[in-house]
Amino acid sequence: MRRARRRPAQRSSPERLLAASILEQVETGRRLDVAWEASDAPSSPRRAWIRTLVYGTVRLRGRIDSVLERHCRGPVGELDPEVRTALRMGAYQILEMDGVPDYAAVSQSVAQLKATRKRAAAGLVNAVLRKVVASRYGRHLFPDPAEDLAGYLETWGSHPRWMVRRWIRHFGPRVARELVDVNNTEPAVYLRPVGMDAAQAADALNRADLHASVAKGAEVCRLRPGVDPGDALRVVPGVIQDPAASLVADYVSPDPGSVVADLCAAPGGKAMALTDSAAGVIAADRSRQRLARVSEARRRLAARAWLVVADARFPPVREAGTVLVDVPCTGTGTLRRHPDGRWRVSERDLRVLTDVQRQILRGAAAAVPRGGLLVYATCALEPEENWGQVKRFLARHPDFRVQPGKAPGRFLDSRGCLVVLPLESGFDGAFAARLRRTEG
């Protein structure tokens, strides 16, 4: 009697295994953008597909977990990391990636887990994902926003509850909901030219068949989806930079002939942009590793910048005509571009960061001469990190006053501060206050 031939075990696709390895690094606390750039994904022929899977799984984690927990015996967060990653990736493919057949999403997720030390849980992954296929989902399965807006924004909106509660309280229900909605969309990629204006840069890119257009309201070029940013940078000298960050760089408006001390410079986009308008830039950062990225940009652009490893609380310069502190912050204005940020930051982090920001402002002020400029900036939306921080500083330093810099009027508030909100602009969120030290 002939024995039936055993079918070879199915292997997960290389793209999914690569995506899983990135997500598992994020699980250990590594930043998503860092894990992505350190992987082989950016050079893969299926780069766009892998990025959609990786970033989408992180972005909609709250929504996905809400679905999975209907079919698991306990919270997804309590599962082993390999099992959790396989379930989240599989559910995202089933629920959000129309080009992936359901059977492939299930079988590939099972094969993915079988390649790990948790292969015994393959049956669980298979059973749960089959239930996800059978049940699907719609907004009707989530909390009614009219009755439980925070619950709706936490699950369907995929944001931490503490964060959405703050936004509802500070901005109101409508704005909070719109912020969550915009954070769950894919951001465009922009290039800030250095040494030429945006219109010239767009012309050069289009002549090279790297399609781009000038963004409305900022001196940046919007790259068409599918254009490799590296290819664009080989045609146009510049940096990859969201319009909000570019608006901050323009708002600094250094005095003619002055040197700018950028005390929190890494990764260097604003420092490089400022070399167009300043006599030079002293680019400082406390992280030698992060400063290496500034060094690479300086070399590539032959920019007039000097790099130094230093803590912004203790400026490496005695005096500079313009001092910029783009301080460490919660980054809640960039959650669309950095979706892992919503899961990394906590309310405790907010308290710690506001204390660090106060120390940096106090230290930076000591390096500003009479008549000089101090520019405070964040990529956060939280009031304590923005005007609240500036208001506190001005109360303790009456020799400084707000003096608006260069910016379109729609981005200036009644005090003269730069305020960019994602739901209004389509850009990242940003805040900046330009403070002139009086001569007296």
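A charge is taken to sit over an aromatic ring if NZ of Lys or CZ of Arg is within 6 Å of the ring centre and within 35 degrees of the ring normal. In this predicted model, R63 meets that description, since it lies over the face of W156 at 3.7 Å from the ring centre. A further arrangement of this kind involves R46, which lies over the face of W49 at 4.6 Å from the ring centre.

Aromatic rings also pair with one another, and the structure holds five such pairs. One of them joins Y190 and F427 in an edge-to-face arrangement, with 6.3 Å from centre to centre and 80 degrees between the planes. Because Y190 belongs to strand 1 (residues 189-193) while F427 lies in the loop between helix 19 (422-425) and strand 12 (430-437), this pair ties together parts that are 237 residues apart in sequence. F427 is buried, with a relative accessible area of 5%, and Y190 is likewise buried, with a value of 5%. F427 also forms a tilted pair with F411, in which the centres are 6.3 Å apart and the planes stand at 35 degrees. F411 is found in the loop between strand 10 (400-402) and strand 11 (418-420), 16 residues from F427, and F411 is buried as well. Through these ring pairs, Y190, F411 and F427 are linked into a cluster.

Elsewhere, S258 occupies the loop between helix 13 (243-252) and strand 5 (259-262). Its relative accessibility is 10%, and S258 therefore counts as buried. The side chain of S258 reaches the backbone oxygen of D255 at 2.8 Å, and, when residues up to four places away in sequence are not counted, S258 touches A278, A279, G280 and T322.

Definitions and conventions:
Residues are numbered from 1 along each chain as its sequence is written. This is a predicted model: local features need pLDDT of at least 70, side-chain atom pairs count only at pLDDT 80 or more; totals for chains, interfaces and linings use all residues. Side-chain values use heavy atoms; hydrogens and water are left out. Helices (H or I, at least four residues) and strands (E, at least two) are DSSP runs, numbered from the N terminus. Buried means under 20% relative accessible area, exposed over 50%, partly exposed in between (1.4 Å probe, protein chains only). A polar contact is a pair of N or O atoms within 3.5 Å; within protein, one must be able to donate a hydrogen and the other to accept it, and residues adjacent in sequence count only if both atoms are side-chain atoms. Contact means heavy atoms within 4.5 Å. Rings of Phe, Tyr and Trp (its six-membered ring) pair if their centres lie within 6.5 Å; planes under 30 degrees apart count as stacked, over 60 as edge-to-face and the rest as tilted.
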